[in-house]
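Biologist: I should like a close look at a single part of this protein, with the cut-offs behind each term made explicit. The structure is shown below.

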Amino acid sequence: MSNARGLGLLGRDLALDLGSSTTLIHQQGHGVVLDQPTLVAVNSENGHLVAAGDDAVEMLGRTPATVVTVRPMIDGVVTDADLTEQLLRHFVGRLRTSRLLRPRMVVTVPSNVTPVERRALEDTALNAGARRVFVLEEAMAAAIGAGLPVHDATASLVADIGGGTTEVAVISLGGIVNARSLRVGGDEVDEAIVAGVRTAHNLLLGERSAQAIKTEIGSAYPLAQELEKRVRGRDVNTGLPKTVTLTSREVRRMIEPAILQVVDVVKAVLDICPPELSGDVLDNGVVLTGGGAQLRGIDERLHRELGVPVQVADDPARAVIRGAGACVEDFAALEHVLVTPRSR
């Protein structure tokens, strides 16, 4: 029986985008069935899982001393194998997959992941219930999910700006011609806002507040009409609640160093693009995917800096999981883009 036929008969194999900030799971025949924050709340005394995903987010800043909230993935790689496994077991368990016939999993990884880091992710997936794990580079997954002609001789350039990493790659004839990976993404933008507000206003902000600022008034390029937002936090000096008004112009200055790194890594990939493919990139431009592609003005900023067309993919935050899910749905057609699997 072929792999494609086997997947079709089982009908419950999974694609996994285990990101630094968000975990998404695609189940064969059902599409994306889980979209949750990559966050766990654990009992610090015994290490047992208390909550995961949205439930853990609700506990941020509100937990007793014996419960801590932790991100088990940083910069797209596993930093705490036990917690990542508990998180994944919790999520997969919610899907009610068969205990007799364990699912195969397609998991995405950054292009610059080390063999040790990749093995840690494979082990985590196997320990969480997968019987076979296939690895797919995030840039390739993003390109497939964005609908780019990855099998054509025409080159496509994709920039996937995730929570912990930015993946940029030139893709042609079903393979990655060249790629760069930067361990900077939306999380670093959030951290820059927290640090900037503390420096400028002596105000302590939480992670959720920084994300709200980024979403509501953050931008990578000057806006036709600049925005404002009132923000509450704790005064560094007095410890008392305090409210300040931030502008989009001010926030843009705070996040500029992170944005500049993203611009530079895209430039670096363009600089090493083979001459035969450079014309394709000049014509077709750059396609942005990932949650970071939703930042206001990021497409205009890259267009001004690079001099090539830039467009944001439809539903960019889910481009990677769509690409990984496509491999699950049509394994025979896309098997060649996957790394040789590991099994139990």
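Biologist: In which sense do strand E11 and E12 pair, and over how many bridges?

Modeller: This is a predicted model, in which local features need pLDDT of at least 70 and side-chain atom pairs count only at pLDDT 80 or more, while totals for chains, interfaces and linings use all residues. Residues are numbered from 1 along each chain as its sequence is written, and side-chain values use heavy atoms, with hydrogens and water left out.

Strand E11 (residues 156–161) pairs with E12 in the antiparallel sense, over six bridges. Helices (H or I, at least four residues) and strands (E, at least two) are DSSP runs numbered from the N terminus, and two strands pair if DSSP finds at least two bridges between them. Within this pairing, Asp 160 stands opposite Glu 167 in E12. The connection from E11 to E12 is a hairpin through four residues.

E12 also pairs with strand E13 (residues 175–182); the two run antiparallel and are joined by seven bridges. Here Val 170 stands opposite Asn 178 in E13. The hairpin of E12 and E13 has two residues between the strands, and Leu 173 in this hairpin takes a positive phi near 55°.

As to burial, seven of the seven residues of E12 (residues 166–172) are buried, so the strand is largely enclosed by the rest of the structure. Buried means under 20% relative accessible area, exposed over 50%, and partly exposed in between, with a 1.4 Å probe and protein chains only. In a regular strand the side chains alternate between the two faces of the sheet. In E12, Thr 166, Val 168, Val 170 and Ser 172 point one way, whereas Glu 167, Ala 169 and Ile 171 point the other way, and all are buried.

Helix H5 (residues 138–145) may be described in similar terms: eight of its eight residues are buried, so H5 is largely enclosed by the rest of the structure. Among the buried residues of H5 are Glu 138, Met 140 and Ile 144. Gly 147, which follows H5, has a positive phi near 80°.

A further buried residue is Arg 301, at 8% relative accessibility, in helix H10 (residues 298–306). A polar atom of the Arg 301 side chain lies 3.3 Å from the backbone oxygen of Ala 220. Leaving aside neighbours within four places in sequence, Arg 301 is in contact (heavy atoms within 4.5 Å) with Ala 220, Tyr 221, Glu 256, Ile 259, Leu 260 and Val 263.

For the wider setting, the protein contains twelve helices and 19 strands, and 51% of its 344 residues count as buried. Among contacts between residues at least 6 apart in sequence, 64% join residues at least 24 apart. The C-alpha trace spans about 70 × 55 × 30 Å along its principal axes.

Confidence is expressed as pLDDT, the predictor's confidence in each residue, from 0 to 100. The mean for the protein is 89, and 93% of its residues reach 70 or more. Confidence is highest in strand E17 (residues 286–289), at a mean of 97, and lowest in helix H1 (residues 3–10), at 42. Over residues 1–11 pLDDT stays under 50, and the model has 19 contacts beyond four places in sequence for them. Where pLDDT is low, the predicted coordinates should not be read in detail.

Terms used
A polar contact is a pair of N or O atoms within 3.5 Å; within protein, one must be able to donate a hydrogen and the other to accept it, and residues adjacent in sequence count only if both atoms are side-chain atoms.
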